[in-house]
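Student: I should like a close look at a single part of this model, followed outward into its surroundings. Please give one connected account.

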Amino acid sequence: MPRHASYVPHGVIPAVLLPFENDLSIDEQSFRKHLRDVAAVEGLSAITINAHSTEVASCTFDEQRRVLDIAQDEIGSKLPLINGIWADGSIEAARLAKMAVQGGASALLVFPPAPFTLGQNAAMALAHFKRIADATDLPLIAFQYPLATGQGYPKDTLLQMCEQVPTIRAIKDWIGNVPHHEWHVRTLQNLPRPVNVLTTHSSWLFPSLVTGCNGLLSGSGSVIADLQAKLFRAVQANDLAEAKRLNDRIEPTARVFYADPFVDMHNRMKEALVLLGKLPRATVRPPLVKLERAEIARIRQALIEAGLLDKNARDAA
């Protein structure tokens, strides 16, 4: 299967959604169309699957393998695929990594194990990443959570990880703290073996990119990949006037996608794609539940404000 050799995670990387049928099985036809729609956007460097945005926590091992197979078949010859590694234990994480290699993934996005919410140390983090690195030579992206969750890696731990696991080539930065985020950018991207910072601060993407991130990896790219790619190019070109204009279009979507409760972010993105006529339904797997009509109406209004939906369009809710 296709694999993009020597891929280093950088640039604009949308994380796609996973459509479901009413019976909660994977809607493969809609998933294929969604992959084609997102991959058609100019200026992307990769696509992420089997992550938060595809409700990976609800997917079995076989379903995750099928998601990768479909993505590889549909867009793998066009763009590198980044496969999420979501597992509570390191042995299962390594098993998923081997599956991703066999499926032709070009990089892996490593989520922190859930037990870290109860406490972790550098030795645990290193053991987890080394177990995965021993299973594959693919580039790894460490998902950096806010420290308050218990799943984020403190500065000293992160530096040890970057030093001792050479295949860590990027972090997906969700630290949620502006000075700490800037420390990531200034420090990691200037290591002897640089580690790219891919922001996922999608509710404040513009100021995050201005700190100098070498890329972004975001579920909202499932809806606004084109705006994200244009914003990234504008910031890279130091065209802040254009970047501000694009940010003004992105802001309404960020406001509704990342409202409380935060767990509904990708639920809201599915509803947005239904409103835009790009998905037939916005089915989510439990424990997520369908949004109320009032919230869907707010999403519709945000799409209108962003210039993505005509205000006279029929309300698909």
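Tutor: Cys59 sits in the loop that links β2 to helix α2 (61–75). The model is a predicted one, and every value below is computed from it. Setting aside residues up to four places away in sequence, Cys59 touches Leu18, Thr54, Gln64 and Arg285. Is Cys59 buried or exposed? Its relative accessible area is 9%, and since buried means under 20%, Cys59 counts as buried. Towards the far end of the numbering, Ala297 is 238 residues from Cys59 in sequence, and the two C-alpha atoms are 29 Å apart in space.

A cysteine invites the question of how many disulfides the structure holds. The number is zero. Cys213 is likewise in no disulfide: the nearest cysteine sulfur belongs to Cys162 and is 15 Å away. Because a disulfide requires two cysteine sulfur atoms within 2.5 Å, that separation rules out a bond for Cys213. Cys213 is also buried, its relative accessible area being 1%.

The strand that precedes the loop of Cys59 leads into the sheet. Strand β2 covers residues 47–49 and is an edge strand, as is β1 (11–14), so each of them pairs on one side only. The sheet itself is open and consists of eight strands in the order β1-β8-β7-β6-β5-β4-β3-β2, with parallel pairing. From one strand to the next, the twist averages 25°. Strands of a sheet are paired through backbone hydrogen bonds, in either a parallel or an antiparallel manner.

What joins β2 to β3? Three bridges do, and the two strands run parallel, with β3 spanning residues 81–85. Among the bridge partners, Ile47 is matched with Leu81 of β3, and Thr48 is matched with Ile82 of β3. Strand β3 is mostly covered, five of its five residues being buried. Leu81, Asn83 and Ile85 point one way from β3, while Ile82 and Gly84 point the other way. Helix α3 (residues 90–102) lies across β3 and β4 (107–110), and runs at about 160° to β3.

Empty space is the next topic. Rolling a probe the size of a water molecule over the atoms reveals where such space remains. Here the largest pocket holds about 640 Å³ of space. Which residues are closest to its centre? Of the 32 residues lining this pocket, they are His52, Ser53, Val263, Met265 and His266. Both β8 (215–218) and α10 (265–275) supply at least two residues of the lining of the largest pocket. The largest share of that lining, three residues, is the contribution of α10.

One further residue may be set beside Cys59. His180 belongs to helix α6 (residues 178–188). Its relative accessibility is 9%, and because the limit for a buried residue is under 20%, His180 counts as buried. When its neighbours within four places in sequence are left aside, His180 is in contact with Leu147, Lys155 and Ile175.

Methods: Residues numbered from 1 in each chain as written. Predicted model: local features only at pLDDT ≥ 70, side-chain atom pairs only at ≥ 80, totals over all residues. Heavy atoms only, no water. Helix = DSSP H or I, 4+ residues; strand = E, 2+ residues; numbered from the N terminus. Axes fitted to C-alpha atoms, helices over the stretch in contact; angles between N-to-C directions. Contact = heavy atoms within 4.5 Å. Buried < 20%, exposed > 50% of the residue type's maximum accessible area, 1.4 Å probe, protein only. 1 Å grid on protein atoms, 1.4 Å probe; cavity = no way out; pocket = protein on both sides within 12 Å on 5 of 7 lines; lining within 4 Å. Points joined across faces, edges and corners; volume = space filled by probe spheres on them.
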